[in-house]
Amino acid sequence: RLAIHFSIAHPARTRALLLDGAPALEAESDLPLARYRDLLETQGPAALRSQILRHPLMQLHTANPAAHRLLTSTLDRYGGSDLLHPASRRQKPDMGGIIAPTLILNGSQDSSERRQAGRVLQAAIHGAQHVELAHAGHLALLDDPQAYARAVASFCLALPP
């Protein structure tokens, strides 16, 4: 959401836009943020991280142990301070204001809501490309890093100089 608002507010400073597993802009978060905030305040960051790892969006579809270790080590650094100081929601942006080349990525095993959000974003952003990576879930970069890199590199190499 932040990248979308930035690209609309600063089109001259936005060369390209990559939206990876983006949520529906008009929807409330599909994460149980109030429950996570309560857990952080009552049981601390370790309990929060443990609960986050159980969320469906955090489930990897790869058997690669290195990807699982990377997810855990990345999450180990998350302290949850954003939950204690939530940002106010903005109005749904005018997607017609996005002029930067845009790539929307989803894993084919991402949630149906996130995949639908990707299709809606593609329809709303002029010229946007939408790619679903066949063997990936919400964390497509960890599930299939080679396919992810190919999709991003192909998009970047096609950008005007």
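Which exposed residues does the face of α6 turned away from its buried side carry? I opened the notebook with that one, keeping in mind that this is a predicted model. I found E113 and A123 there, both exposed.

**Entry: helix length.** I checked α6, which runs over residues 112–124, for regular geometry. At 1.5 Å a residue, its 13 residues should span 18 Å. I got 18 Å between the end C-alpha atoms, so the two values agree.

**Entry: the buried side.** I then listed the buried residues of α6: R114, R115, A117, G118 and L121. They cover an arc of only 155° around the axis, which means they sit on the same side of α6. A reminder to myself: an α-helix has 3.6 residues a turn, so residues three or four places apart point the same way.

**Entry: what the buried side meets.** Next I looked up the packing partners of these buried residues. They pack against the helix-side element α1 (2–9) and against β1 (17–20), β2 (102–107) and β3 (129–133).

**Entry: the sheet.** Those strands led me to an open sheet of 3 strands, in the order β1-β2-β3, with parallel pairing. I noted that β1 and β3 stand at the edges with a single partner strand each, so one side of each has no neighbour in the sheet. From one strand to the next, I have a twist that averages 20°.

**Entry: one pair up close.** How many bridges join β2 and β3? I counted 5, in the parallel sense. I also looked for the residue opposite N106, and E132 in β3 stands there.

Note on methods: Residues are numbered from 1 along each chain as its sequence is written. This is a predicted model: local features need pLDDT of at least 70, side-chain atom pairs count only at pLDDT 80 or more; totals for chains, interfaces and linings use all residues. Side-chain values use heavy atoms; hydrogens and water are left out. Helices (H or I, at least four residues) and strands (E, at least two) are DSSP runs, numbered from the N terminus. The expected span of a helix is 1.5 Å times one less than its number of residues. Buried means under 20% relative accessible area, exposed over 50%, partly exposed in between (1.4 Å probe, protein chains only). The arc is that of the directions from the helix axis to the C-beta atoms. Contact means heavy atoms within 4.5 Å. Two strands pair if DSSP finds at least two bridges between them. Axes are lines fitted to C-alpha atoms, for helices over the stretch in contact, and angles run from 0 to 180 degrees between N-to-C directions.
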